[in-house]
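Thank you all for coming; I would like to take a few minutes to walk through one structure with you. Please have the sequence and the model open, and I will go through the parts one after another.

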Amino acid sequence: MTDFGPEQTETQEPGQATGRRAHASRRTFMRKVFFASGATAVATMGGAGAWAALGDDATGTSDASASASPGAAPSGGPGGGAGGPGNQTITEDFVGLTTDGKRIDDLFTIHSTGVTTAPVVAAAEAFLAGLTEDQRTSTQFTVHSTEWRLWSNVDSYDRQGVSLAELDDTQKALGTALLKAALSADGLETTEKIRRINQAAGEAIGNTNSFNEDAYYWTVMGTPSATEPWGFQFDGHHLVINYFVLGDQVVMSPCFWGSEPTSMEIDGETVTVCHEEVAASLAFINSLTAAQQKVVIASSTKSNESMKAGAFSDNTVQAYEGLRGDKLTATQKKKLLAVVEAFAGRAKADVARAGMAEISRHIADTYVTWAGGVADDSAFYIRVHSPVVWVEVDCQGPGPLAGAYGATQGDGPTQLHVHSIIRTPNGNDYGKELLRQHYLTSPHH
């Protein structure tokens, strides 16, 4: 990678320094949980240039020297990945999900996809223009900011950006328009249902301070553009959307979708969410022969939390496990792809088509593993893992909203509490591999 020093990193947006100071306490907290994992991963990303490209825009430069030691994380943090709520460390050197700690090269390239991104660019510009100066300062970061990686599905996590609670009705409508430009009808409906259930469940347990429909935060990375890289993040309890744009290429990962409960009576209406991924997973597992199930099912029981690549797990190392795609019939392959499509289909149709085409090309070297039962109402865990996609669907034990559906924390896992995630392995979560290539090939950088 071209070596460009700190003085050549992306210029901050006007007034951002003030906004960074306003969030200094949160940034200081996160500094305590950073640690560097050595030179190997940095070399993989391209040495000093990688530090600059991925630098934290709170300082305007890379900040490896600010790292704390492993194990220094305070308790009670964001969690959501392997290790649960106590795991709240990230490394400043980003490698991405891999099978052995080393990325596979040449999987992702800058090329034309035919995707129409003009509507989402226009919607993002309108959203930013509708914010006050202070709100915009708190919301906008540089495209290479580590803020991309500081998300969590946990309700109590201290987020940056501007929350829905801070927006007036006009500003909220502009935010909804941005989601509508980025997501399919199903994707938009899913986000609305997750927030709606979060509010109703909070009311049911008498804690709307922690659980409500407005505790969701916007951040925008870079400046919306038809040619330059940028993106946005929408982040809150059980709902995280990362959306990167470079020309007509879109990377919509990591995206976390979940709910507790997954079905609830609200104002006389039964509201159900996260059903598509559960139904598609069960349809796949039950399409397998007994011999195939013996290979794919690692355990007939599952723990209360099985997710391996949730929040703060960007560099998860996980070997392929289970049944390989080339052992499936054509019908079974379609059912496996349908599990992934439940996630990819939450993006606009052209984005979903481009993504599924890439994923389908790797169906032969896609692996799937399972834990739990296979009945219609069984709690289960599934992981779909290939060089270009990672999906987890995890039926978890009752959590803090257990009382909203008559459950008790400590009960076994259930389909009424689901966490699920889609990621892009081998360094392209947040579009980082495309961003790296952009800095390598664009003469003005």
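I will begin with a pocket, go on to two helices, and then turn to some individual residues and to the backbone.

Before anything else, please keep in mind that what you see is a predicted model, and that the values I quote are computed from it.

Let me start with the largest pocket, which holds about 630 Å³ of space and is lined by 33 residues. If you would like to find its centre on your screen, look for Val250, Val251, Ala354, Gly355 and Glu358, since these are the lining residues that lie nearest to it. The elements that give two or more residues to this lining are the strands E8 (249-251), E9 (255-259) and E17 (418-423), together with the helices H11 (330-344) and H12 (349-361). Which element gives the largest share of the lining? That is H12, with eight residues. As for the chemical character of the lining, 20 of the residues are nonpolar, nine are polar and four are charged.

From the pocket I move to H11, one of the helices that contribute to that lining. Its 15 residues, at 1.5 Å a residue, should span 21 Å, and the end C-alpha atoms are 20 Å apart, which agrees with that expectation. The helix nevertheless bends, by about 25°, at Ala338. The buried residues of H11 include Gln332, Leu336, Leu337, Val339 and Val340, and also Ala342, Phe343 and Ala344. Of these, let me pick out Phe343, which has a relative accessible area of 2% and is therefore buried, the cut-off being under 20%. Along the sequence Phe343 is 66 residues from Glu277, yet in space the two are 7.4 Å apart, C-alpha to C-alpha.

The other helix I want to show is H13, residues 432-441, which is mostly covered, with eight of its 10 residues buried. You may like to note which they are: Lys432, Glu433, Leu434, Leu435, Arg436, Gln437, His438 and Tyr439.

Now for the individual residues, beginning with a charged one. Arg383 sits in strand E15, residues 380-385; is its position buried or exposed? Its relative accessibility is 2%, so Arg383 counts as buried. The side chain of Arg383 makes a polar contact of 2.7 Å with the side chain of Glu321.

A polar contact between side chains is also found at Ser306, where the partner is Ser303 and the distance is 3.4 Å. Ser306 belongs to the loop between strands E12 (297-299) and E13 (323-324), and at 16% relative accessibility it counts as buried.

Next come two residues that pair with distant parts of the chain. Asp93, in the loop between strand E2 (90-91) and helix H5, is buried with a relative accessible area of 4%, and although Asp93 and Asn315 are 222 residues apart along the chain, their C-alpha atoms are separated by 8.9 Å. Within H5 itself, residues 118-129, we find Ala123, which is buried at 11% relative accessible area. Ala123 and Gly175 are 52 residues apart in sequence, and their C-alpha atoms are 8.1 Å apart.

I will finish with the backbone. As a reminder, most residues other than glycine have a negative phi, and most peptide bonds are trans, so the following places deserve a look on your screens.

The peptide bond from Ser253 to Pro254 is cis, with omega near 0°, and Pro254 falls in the loop between E8 and E9. A cis bond also leads from Glu260 to Pro261, here with omega near -5°, and Pro261 is in the loop between E9 and strand E10 (263-266).

Where do we find a positive phi at a residue that is not a glycine? One such place is Cys274, with a phi of about 60°, in the loop between strand E11 (269-272) and helix H9 (275-285); at 1% relative accessibility, Cys274 counts as buried. Asp106 also has a positive phi, about 65°, without being a glycine. Asp106 lies in the loop between E2 and H5, and at 73% relative accessibility it counts as exposed, whereas Cys274 is buried.

Methods: Residues numbered from 1 in each chain as written. Predicted model: local features only at pLDDT ≥ 70, side-chain atom pairs only at ≥ 80, totals over all residues. Heavy atoms only, no water. 1 Å grid on protein atoms, 1.4 Å probe; cavity = no way out; pocket = protein on both sides within 12 Å on 5 of 7 lines; lining within 4 Å. Points joined across faces, edges and corners; volume = space filled by probe spheres on them. Helix = DSSP H or I, 4+ residues; strand = E, 2+ residues; numbered from the N terminus. Nonpolar A, V, L, I, M, F, W, Y, C, P; charged D, E, K, R; others polar. Expected span 1.5 Å × (residues − 1). Bend = angle between axes of the 7 residues up to and from the residue. Buried < 20%, exposed > 50% of the residue type's maximum accessible area, 1.4 Å probe, protein only. Polar contact = N/O pair within 3.5 Å; in protein donor to acceptor, adjacent residues only side chain to side chain.
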